[in-house]
Amino acid sequence: MLIAKNLNKTVAIGEDQLCILHDVSFELKKGRSLAILGESGSGKTTLLGLLAGLDLPSSGEVLLDDVALFELNEEDRAKSRKDNLGFIFQSFQLINGLSALENVMMPLELRGDRKARQKAKEMLQKVGLGERLTHHANQLSGGEQQRVAVARAFVTEPNLLLADEPTGNLDTATGKKIIDLMFQLNAELNTTLVLVTHDNHLAARCDESMTLSGGKIIQQKQHQQPIKESSL
Amino acid sequence: MSGLLLLFKIALRIFKRDWRRGDLLVLLFAMTVAMASISVIYLIIDRIESATNQEVADVLGADLVISSPEKIPQEWLLKAQQQNLNQATSVEFSSVLFANEKLQLSSIKAVSKTYPLKGRVETADTPYAKNQIQTSNPPRGKIWVEPRIFNVLQVSKDDSVELGYTHLNIAGVLMLKPGQGSTLFNIAPSAIMNIDDLEATQVIQPGSRIQYRYLFAGEPKNIQKFADEMKPLLSSSQRIVSVYDESPVAGSAVSRSKKYIGLSSLLTMILLGVTIALSANRYARRQFDLSALMRCFGLTNKEVMTIFGFILSFICISGIVLGGFFGVAVQEILVKLFADKLIDNLPEADYSVLLFPMLAAVILLFGFSAPALIQVKTVPPMRVLRRQLGPMNISSWSVYLLSGVTLIGVMWLQMGDLKLLASVLVGLIVVGLVFALIARVALKIMKSIAISRSASVNFSLRQLDANKGVTLLHLLAFSITIFVIALIVLVRTELLEKWQQSLGDDIPNHFMVNVKPQEVDELSTFFKQKELAFSGLYPMIRGRITGINGEDVKTAVSEEGQKHNSLRRELNITWAKELPEGNKVVEGNWNWQREEQENQISIEQETALALGLTIGDTLNFTIGAEQWSGKISNIRSIDWQTFTPNFYIIAKPGSMDKFSATYISSFRLPSEQKPVLAEIIKRYPSITIIELDLILKEIQNIILKVSSAVELIMVFVVAAGLGLLWAAMEHTFEAKFKQSAILRTLGASKAFIARSFRFEYIWLALLSSAMAIFAVELITYILYTQVFEIAFNLHWVLWLILPVATLIMMLSASWRGVKRVTEPSPLNLIRQN
């Protein structure tokens, strides 16, 4: 269960205070998916960062499975991410120079998982890259790189998966495949999914959606029957 | 507005932006350090060299001496006048001094009023009494004579001695004169008289054996110009006398220190070249986006290059101004702090020597930045749409090669020592190739053993292999830095040790020659009573080389060989069963062949080379009135830095029995025991004692100066090395920001990230120090055996110290950087989207 309670984020710009997030609250049950929509500068990325514990709010709290993130110190928040979170970025963010397999092994090794290699191989096979294990990021296409990123995000079977415009750098067909893959794994592993997007169709595939504007939630929707197939 | 002006303005704007952002900091720092280090080294070298030259001049009695068997043409002296050089003349010949119905063959020096131009003559009223410094030549009708003449002729001050057809009054005992070191084996004692009395003696007749010495002193530039003018005019019997001829020990120290300084400059250049290449590479990488954007705006490749060319010029000018300023300031401070304490009257700095550092800095910057610039030029404009697009994979080696060759050319012009340059470069190329090979294999192996239970160890090992190119670059930079620091400290330590040995408290400072065989036992008892020890008693016979394999030397030896010292004068020949200390057989076998009927001899290496002699050749000598020959059975090298009697020719014991020999020995006499000398002379009037204590002091001064130069220069090379280490470290941090952010997003703790990065530095430190040790051993072997002529041994201590020191150095240097890369919020990573 992911709970955001009255999240506020204000930053000082010179002598002025700029409010980036204003009183954002929501709840997301285990296994459900939430799309965060909004224009550029609406506070989406800041909210995602706060949900991951990468940044601290000016006030408010995030509870992940009843653990209050901001009561933890920085190291414990990092541990919480290691144990609970998966992340997918718009520009993939694979570690340069490491092979696809080594990239996927990374979060498992951080957990001290001794079967890291085996699990990473299986996950890469699941995302269709069983033949590309030893390829490095620069030897893979954009779609393949994002699939490695998806595999890396899901390989630890995280409780919460955060995705920041995961198809932003991909062509339509490839983006569709990635989204399908994400939702497929989300369903298989019962992972809670939060994704930031500009795409209303993609948002419609989620169980819930939320639209931000000027740092405030201006619209929250429960989708009774999320679209099962990508309409992209 | 013209196109070029527009590009200039754009370049200026980018330069200002990069300055504000701090992007230029490392490159500008590298350039400033390059200029400052080279400036400091050149200024200090120049000042210490000037000081050393002064000291050398004191030994020679002038800045430049031309020695000739006949008078030199008047035009030559006019040329010296045109160069504003002071002049003095001395005419040297052997003649007999008479007094009290006794006679003594003496080496007479008739000198002009201004003699000596440099250094000093010291006299005393009685032998070994308190010395007085003389500021001019002896007045007309006066003569200064060495102590032995006092004894043999039984004269005292103001007595008259007869020389040829004239009488001269003794004005004092000659205790010290320039060039004393060279008279070591001159059996005849010396005397100095006024040149104006020479004619009256009538001793100089056509065919007399005379040596004219023309002394010149003046501004170094004028001296150099005059020497350059003279060199082509000298005949085979004329030569410019060097400090080597006057004092081989000082000459050798000066020559080795010059080589060391040359080596230091070369290594500093290499270090700074790598520093600039790394910093330029880092700067260029930061310009990829901008370059792509400019190309999108419609600028051509050439225009982009022009813009970055302008930026480099701004950096170059700023670096030269800043570096020059710091160089001059630091040099002044250092000289005030250290050099002044060691060197009296250090000459003023000559800032014109900064021209070379400027030229070198320009070549370093443009040469070593060119490959990085070309990369910027080849960034595809599509990068504005797809950031992962990098520059075209061009081969930068040709550009590096070109800049390398240019730099080598400049260094060669500056150093003029091709052997030293070639030794270091060949060594470095071999080491570089072996490094690359070993590093690749090591990285592969390390990666395959990355199955540690520690994720941070695994990650660090994989990272090294993952970025092979970057890892190799860093390994090369680190190992070169460590190698240069280790090499420069090592060579300095061994050179200083060597010099200290030649200046040690127990080295002999007096020589005894002309000891009769029957006096040896008696002398031993006398020395024992006085608690003095003399060592190495060598028989000595003087002979002149007259032929090779029966052929006259005039035809058997090349024109160049004719100039060699060994053919100009009588040589001291000895015989010995054991190889004397400081001698090393380089060809053949020392053990004399018993069955061989012919006389056998051993010859000094340089002499053999100059005269074109090999083992099996026979040398013909004239000894007294007799002819004598010896077959060369081995060739020796001699360590001229020892103050023991050294011989060009050593014969097999027994082969010179028909000649009556005298003996030569050396001993150390503390200054408070000086009266013992008078006692020896009184008891054994035929013995000549050569005092080297005063000349030793001069030599010690020279060595002290070159030692302090070596010390100071070492400090700068180490500083330049640390500069490179910093630049290389900064280069490694660049890539780590992103890695750190990704890892933290994945949940890695800061401690994990710091640990894994530090493990990387540990592997880098171990690998680079291992490679540096290999390089140090290889290059010191080449340098010691080929350039410095020092015995080579493996440096086992280095094998332990270097990895530990490197580990400590790299971990401390990376401490702040590792902290810095783990600090920024990973949120920035998401924001990049």
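Two strands pair if DSSP finds at least two bridges between them. Keep that in mind for this tour, which goes through a predicted model.

**Stop 1: a hairpin in chain B**

Start by selecting residues 86–99 of chain B, which are strand 2, along with residues 102–111, which are strand 3. These two strands run antiparallel and are joined by 10 bridges. To find your place on the ladder, click B:Phe98: its bridge partner in strand 3 of chain B is B:Leu103. Together strand 2 and strand 3 of chain B make a hairpin, with two residues between them. Pick B:Asn100 in that turn and check its phi, which is positive at about 50°.

Now add residues 190–194 of chain B, strand 9. Here the pairing with strand 3 of chain B is in the parallel sense, over five bridges. Label B:Ser107, and you'll find B:Ser190 as its bridge partner in strand 9 of chain B. If you switch on hydrogen bonds, remember that strands of a sheet pair through backbone hydrogen bonds, either parallel or antiparallel.

**Stop 2: a cis proline**

Stay in chain B and move to the loop between strand 3 and strand 4 (121–124), where B:Pro116 sits. Look at the peptide bond that leads from B:Tyr115 into B:Pro116: it is cis, with omega near -10°.

**Stop 3: B:Tyr214 and its neighbours**

Next, select B:Tyr214, in strand 10 (residues 210–217) of chain B. Is B:Tyr214 buried or exposed? It has 23 other C-beta atoms within 10 Å, and the cut-off for buried is 20 or more, so B:Tyr214 counts as buried. Show its contacts, skipping neighbours within four places in sequence, and you get B:Val65, B:Ile66, B:Ile72, B:Gln87 and B:Thr89. Try a distance too: B:Tyr214 and B:Ala88 are 126 residues apart in sequence, but their C-alpha atoms are 6.1 Å apart in space.

Zoom out to take in chain B as a whole. Of the contacts in chain B with a separation of 6 or more, 84% are between residues 24 or more positions apart. The chain has 833 residues, 45% of them buried, and holds 25 helices and 22 strands.

**Stop 4: a glutamine with a positive phi**

Before leaving chain B, find B:Gln154 in the loop between helix 4 (147–153) and strand 7 (160–163). Though not a glycine, B:Gln154 has a positive phi of about 50°. With 13 other C-beta atoms within 10 Å, B:Gln154 is partly exposed.

**Stop 5: where the chains meet**

Show both chains and colour the contacts: 24 residues of chain B touch 29 residues of chain A. On the chain B side, the elements giving two or more residues are helix 14 (455–466), helix 22 (693–745), helix 23 (750–788) and helix 25 (827–831). Which of these gives the most? That's helix 14 of chain B, with five residues. Colour this side by class and you'll have 10 nonpolar, 10 polar and four charged residues.

**Stop 6: the sheet in chain A**

Hide chain B and look for an open sheet of four strands in chain A, in the order 2-1-4-5, with antiparallel pairing. Strand 2 (16–28) and strand 5 (67–68) of chain A are the edges, each pairing on one side only. Further in, strand 1 (residues 2–13) and strand 4 (residues 59–64) of chain A are joined by five bridges. Use A:Asn8 as a marker there, as it stands opposite A:Ser59 in strand 4 of chain A.

Add helix 1 (residues 44–52) of chain A, which packs on the sheet and touches strand 1, strand 2 and strand 4 of chain A. Its direction makes about 120° with that of strand 1 of chain A.

Then click A:Asp66 in the loop between strand 4 and strand 5 of chain A. This non-glycine residue has a positive phi near 65°, and with 7 C-beta neighbours inside 10 Å it counts as exposed.

**Stop 7: helix 3 and its two partners**

Finish with helix 3 (residues 100–110) and helix 5 (residues 142–154) of chain A, whose axes come within 8 Å and cross at roughly 25°. That makes the two helices roughly parallel. In the contact, A:Val148, A:Ala151 and A:Arg152 of helix 5 meet residues of helix 3 including A:Ala100 and A:Val104.

Swap helix 5 for helix 4 (residues 116–126) of chain A: helix 3 packs against helix 4 at about 125°, with the axes 8 Å apart. These two are therefore oblique to each other. By class, their contact has nine nonpolar, no polar and four charged residues.

Technical notes: Residues numbered from 1 in each chain as written. Chains lettered and ligands numbered in written order. Predicted model: local features only at pLDDT ≥ 70, side-chain atom pairs only at ≥ 80, totals over all residues. Contact = placed C-beta atoms within 7 Å. Nonpolar A, V, L, I, M, F, W, Y, C, P; charged D, E, K, R; others polar. Buried ≥ 20, exposed ≤ 12 C-beta atoms within 10 Å, placed from the backbone. Axes fitted to C-alpha atoms, helices over the stretch in contact; angles between N-to-C directions. Parallel < 35°, antiparallel > 145°, perpendicular 65-115°, else oblique.
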